[in-house]
Amino acid sequence: MPGSAATLIDRPPAAELSGAALFLDFDGVLVDLAPRPDAITVPAPLPALMARLEAATGGATAIVTGRGLADLRRYLPDVPKMAVGSHGAERAGGPAHPLAGSADLRAAERFVAALAERDRGLLVEEKPLGVSLHYRAAPHLAAELEVELARFTAARPAFELHPAKGAFELRPPGIGKDHAIEALMGDAPFAGRMPVYLGDDTTDEPALAWVARAGGIAIKVGPGESCAPYRVAAPKDVHALLAGWAEAAP
Ligand SMILES: [Mg+2]
């Protein structure tokens, strides 16, 4: 497999859901990536699978996504109850982040919109706490865009620049899926359980590393470099894996 780490073992071990805390990225893990973030389709069995996992883990199942929470809930309205959005800056039931609705956020939206006007292959995704600039249809622009965005974040400490799959993201500093998982693991019903994380993107690597260090099961989905010792190929394989774990649960 290209980009495999030396320690890579493909097949994940069986997770005992009764003792597990299950953290799941959304795009590229539970749903297939689409040309646009709003063009994904949710497989019909997914909500029922989420409900089974949530029950089998005693409620210790969470989606951990880069999407805003409200956006995620358009696709998975009810289950699982716990979800973390905006890469960890939004938590279901938690307080609002100071960047929400701020002048800094509007400045970032204007800056990225101006970049996107230059080329019809670029797509802007406004988020509650940041902006993503998707260049999947115009990959030749990536290096130039990164320079421009880095210049913006150098002048605006309210943001960090993060590369993702076919996109650059501006988001608040000091947040990350790893911090979000660590915080959830400090609270019921997650505390004291073995963490399991499935993620597909570079933005999932810190969370995969955190879970591996904590003695949990870190699983990379799809191709590409990863620190995770386990790997599955695609969302359909994630569904099969999770359904198997749920099947084996008491
Ligand atoms: Mg993803």
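Here is a walk through this structure, which is a predicted model.

Let's start with the bigger of the landmarks to find by eye, an open sheet of seven strands. Reading across it, the order is S4-S3-S2-S1-S9-S10-S11, and the pairing is mixed. At the edges you'll find strand S4 (90-91) and strand S11 (230-232), each with a single partner strand, so one side of each has no neighbour in the sheet. Strand S10 (residues 217-221) pairs with S11 in the parallel sense, over three bridges. If you want a spot to look at there, Lys220 stands opposite Arg231 in S11.

Now for the helices around this sheet. Helix H7 (residues 235-248) lies across S1, S9, S10 and S11, and runs at about 150° to S10. Helix H5 (residues 177-184) has a set of buried residues: Lys177, Asp178, Ala180, Ile181 and Leu184. Look down the axis of H5 and these buried residues fall within an arc of 160°, so they line one face of the helix. In an α-helix there are 3.6 residues a turn, so residues three or four places apart point the same way. As for what the buried residues of H5 pack against, the partners are S1, strand S2 (61-64), strand S3 (82-85), S4, S9 and H6.

Next, the metal. The magnesium ion is held by Asp25 (OD), Asp27 (O) and Asp200 (OD), at 2.0 to 2.2 Å. Along the chain, these donors follow the spacing D-x1-D-x172-D. Asp25 sits in the loop between strand S1 (20-24) and helix H1 (46-56), while Asp200 sits in the loop between strand S9 (194-199) and helix H6 (205-213), so the pair ties together parts that are 175 residues apart in sequence. Are these two residues buried or exposed? Asp25 counts as buried, because its relative accessibility is 4% and the cut-off for buried is under 20%. Asp200 is buried too, at 2%.

What about the greasy inside? The largest nonpolar core has 36 residues, and those with the most contacts inside it are Leu30, Met50, Leu198 and Leu242. The elements giving two or more residues to this core are S1, H1, helix H2 (69-75), S9, S10, S11 and H7. Take Met50 as a way in: beyond its neighbours within four places in sequence, Met50 is in contact with Leu24, Leu30, Ile63, Leu76, Val79, Pro80 and Leu242. Apart from this core lies another one, of 23 residues, including Ala138, Leu145, Phe152 and Leu170.

That leaves another sheet to visit. This open sheet has four strands in the order S5-S6-S8-S7, with antiparallel pairing. Strand S5 (123-127) and strand S7 (160-164) are the edge strands, each pairing on one side only. Neighbouring strands here are turned by 20° against each other on average, direction ignored. S6 and strand S8 (residues 167-171) pair over four bridges, and Leu133 has Phe168 in S8 as its bridge partner. Helix H3 (residues 103-116) packs on the sheet, touching S5, S6 and S8, and its direction makes about 10° with that of S6. Helix H4 (residues 142-155) packs on the sheet as well, touching S6, S7 and S8, with its direction at about 5° to that of S8.

Let's finish with a residue in strand S6 (residues 130-134), namely Ser132. Ser132 is buried, with a relative accessible area of 1%. Leaving aside neighbours within four places in sequence, Ser132 is in contact with Val112, Leu123, Val124, Glu125, Lys127, Phe168 and Glu169.

Terms used: Residues numbered from 1 in each chain as written. Predicted model: local features only at pLDDT ≥ 70, side-chain atom pairs only at ≥ 80, totals over all residues. Heavy atoms only, no water. Donors = N, O, S within 2.8 Å, 3.2 Å for Na, K, Ca; no water. Buried < 20%, exposed > 50% of the residue type's maximum accessible area, 1.4 Å probe, protein only. Pairing = 2+ DSSP bridges. Contact = heavy atoms within 4.5 Å. Axes fitted to C-alpha atoms, helices over the stretch in contact; angles between N-to-C directions. Arc of directions from axis to C-beta. Core = buried A, V, L, I, M, F, W, Y, C linked by side-chain atoms within 4.5 Å.
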